[in-house]
Amino acid sequence: MVLGTYDALIVGTPVTNVESKFPALLMFQTEEDKARYLQNLYKETYLKDMIARNKIQHSNELDELLSVIASSIGGLLNPQKIADTFKSKKMTLSAPTIKQYLNYLQEAFLVDKALRYDIKGRKYISTPAKYYFTDIGLRNAKLDFRQQEQTHLMENILFNELCARGYKTDVGVLEMTERDATGKRLEKKVEVDFVVNKGDKRYYIQSAYSLPTAEKRQQEERPLIKITDAFKKVIIVGGSKQPSYDENGILIIGIKEFLLNEQNFENLEKNGVDFKKAEDFSHRRCYRNLANESYQELRYQNAWFISEHA
């Protein structure tokens, strides 16, 4: 868990930005030491190893590529778009090379790729795609602990958690028809943050840090309402909201309740949540097993921390 970020998302205290899933952070007492550890881990382990293992000649460009991804959480990217960004910075890196570098980053378990899925057409859209950091602490270290947009960080956290629970997690695309004020038909494409699948189960999920107004709530609900199949629709919000269903049958649940309940959505009943410990939990592999052995133990420590500070 990204304890510092979760602390802000759940209980409203200032985000520390330096926490991550790596157990070694528990040895450090100060924010400065934790920040130094994460920055060294990124530079000396991840970056150097990728450069050496893949014989990368453009190391500065690889580092800049990671900056682009870290600054674009929740945004759509493709190699050509990134190449154009590099050109504007007077750096030369071709789209095919960028595509290969993106593959290296995924092989190193530093980022994950979420494909877009056409919900009505029932097919994948290969490009553009979204990229999420497998560890928020490393993402923050890459950006020197700046650019802390809570909405995007929460979306990244949810993506990681859904993958950890064994779901195939995609970004949904929905084509819909609406009429403007004059009655003219308009064709629109809207996004559903996550379409998750495991076995015969599917859930449509929106990540919404807050729903301060009726307009914002309608904005988040509208794509879900337009989906006509019978699979469950969910909105996950910041804070500790208890699960409840609205008049459209959409489950709304706070991120605290979602993260501390490791069960799958099918065990969330309309009358509330059963908080018994999950019997089957699988987590993402960590790069070169740096955190593999004690990751689950850290999750329960963080769950205790959140409960104590709620």
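Which residues does Gly-254 touch, not counting residues up to four places away in sequence? Hello everyone, let me start right there. In this predicted model, Gly-254 touches Ile-236, Val-237, Gly-239, Ser-240 and Lys-241. You will find Gly-254 in strand S8. With a relative accessible area of 0%, this glycine is buried. Another pair to look at is Gly-254 and Ile-235: they sit 19 residues apart in sequence, and their C-alpha atoms are 8.5 Å apart in space.

Let's stay with S8 for a moment. The strand covers residues 251-254, and both of its faces are covered. On one side we have Leu-251 and Ile-253, on the other Ile-252 and Gly-254, and all of them are buried.

What about the strands that pair with S8? Strand S6, residues 232-237, pairs with S8 in the parallel sense, over four bridges. If you want a residue to find that pairing by, take Ile-235, whose bridge partner in S8 is Ile-252. Strand S7, residues 244-245, runs antiparallel to S8, and two bridges join them. There, Tyr-245 has Leu-251 of S8 as its bridge partner. S7 and S8 form a hairpin with five residues between the strands, and within this hairpin Gly-249 takes a positive phi near 80°.

Now let me zoom out to the sheet. As a reminder, strands of a sheet pair through backbone hydrogen bonds, either parallel or antiparallel. Here we have an open sheet of eight strands, in the order S2-S1-S3-S4-S5-S6-S8-S7, and the pairing is mixed. Which strands stand at the edges? They are S2, residues 123-133, and S7; each has a single partner strand, so one side of each is left without a neighbour in the sheet. Further in, S5 and S6 run parallel and are joined by six bridges, with Tyr-203 bridged to Lys-232 of S6.

The protein as a whole has 10 helices and 10 strands. Of its 310 residues, 52% are buried. Among contacts with a separation of 6 or more, 58% are between residues 24 or more positions apart.

Met-91 gives us a local example of a contact across the chain. This methionine is in the loop between helix H4 (79-88) and helix H5 (95-107). Leaving aside neighbours within four places in sequence, Met-91 is in contact with Asn-60, Glu-61, Glu-64 and Phe-86. Glu-61 is 30 residues away from Met-91 along the chain, yet the two C-alpha atoms are separated by 7.5 Å.

On to the aromatics. A pair of aromatic rings is described by the distance of the centres and the angle of the planes. The count for this model is seven aromatic pairs. One of them is Phe-159 with Phe-194, a tilted pair at 6.1 Å centre to centre, with 40° between the planes. This pair links distant parts of the chain, since Phe-159 is in helix H7 and Phe-194 is in strand S4, 35 residues apart. Are these two rings' residues buried or exposed? Phe-159 is buried at 1% relative accessibility, and Phe-194 is buried too, at 0%. Ring pairs also bring in Tyr-132, giving a cluster of Tyr-132, Phe-159 and Phe-194.

H7 and S4 come up again in the largest pocket, which holds about 280 Å³ of space. Of the 16 residues lining this pocket, the closest to its centre are Asp-193, Gln-206, Lys-216, Gln-219 and Glu-220. H7 (150-164), S4 (185-198), S5 (201-208) and helix H8 (214-226) each supply at least two residues of the lining. H8 gives the largest share, five residues. By character, the lining divides into four nonpolar, six polar and six charged residues.

Last topic: backbone geometry. Most residues other than glycine have a negative phi, and most peptide bonds are trans. Where is there a cis peptide bond in this model? It joins Thr-127 and Pro-128, with omega about -5°, and Pro-128 lies in strand S2.

Then there are two non-glycine residues with positive phi. Lys-55 has a phi near 50° and lies in the loop between helix H2 (31-53) and helix H3 (59-70). At 70% relative accessibility, Lys-55 is exposed. Phe-145 has a phi of about 65° and is in the loop between helix H6 (136-142) and H7. In contrast to that lysine, Phe-145 is buried, with a relative accessible area of 17%; the cut-off for buried is under 20%.

Thanks for listening, everyone!

Conventions
Residues are numbered from 1 along each chain as its sequence is written. This is a predicted model: local features need pLDDT of at least 70, side-chain atom pairs count only at pLDDT 80 or more; totals for chains, interfaces and linings use all residues. Side-chain values use heavy atoms; hydrogens and water are left out. Buried means under 20% relative accessible area, exposed over 50%, partly exposed in between (1.4 Å probe, protein chains only). Two strands pair if DSSP finds at least two bridges between them. Contact means heavy atoms within 4.5 Å. On a 1 Å grid over the protein atoms alone, a cavity is a set of points where a 1.4 Å probe fits but cannot get out, and a pocket is an open set with protein on both sides within 12 Å along at least five of seven lines; lining residues have an atom within 4 Å of a point. Grid points are joined across faces, edges and corners, and a volume is the space filled by probe spheres set on the points. Ala, Val, Leu, Ile, Met, Phe, Trp, Tyr, Cys and Pro count as nonpolar, Asp, Glu, Lys and Arg as charged, and the others, Gly among them, as polar. Rings of Phe, Tyr and Trp (its six-membered ring) pair if their centres lie within 6.5 Å; planes under 30 degrees apart count as stacked, over 60 as edge-to-face and the rest as tilted.
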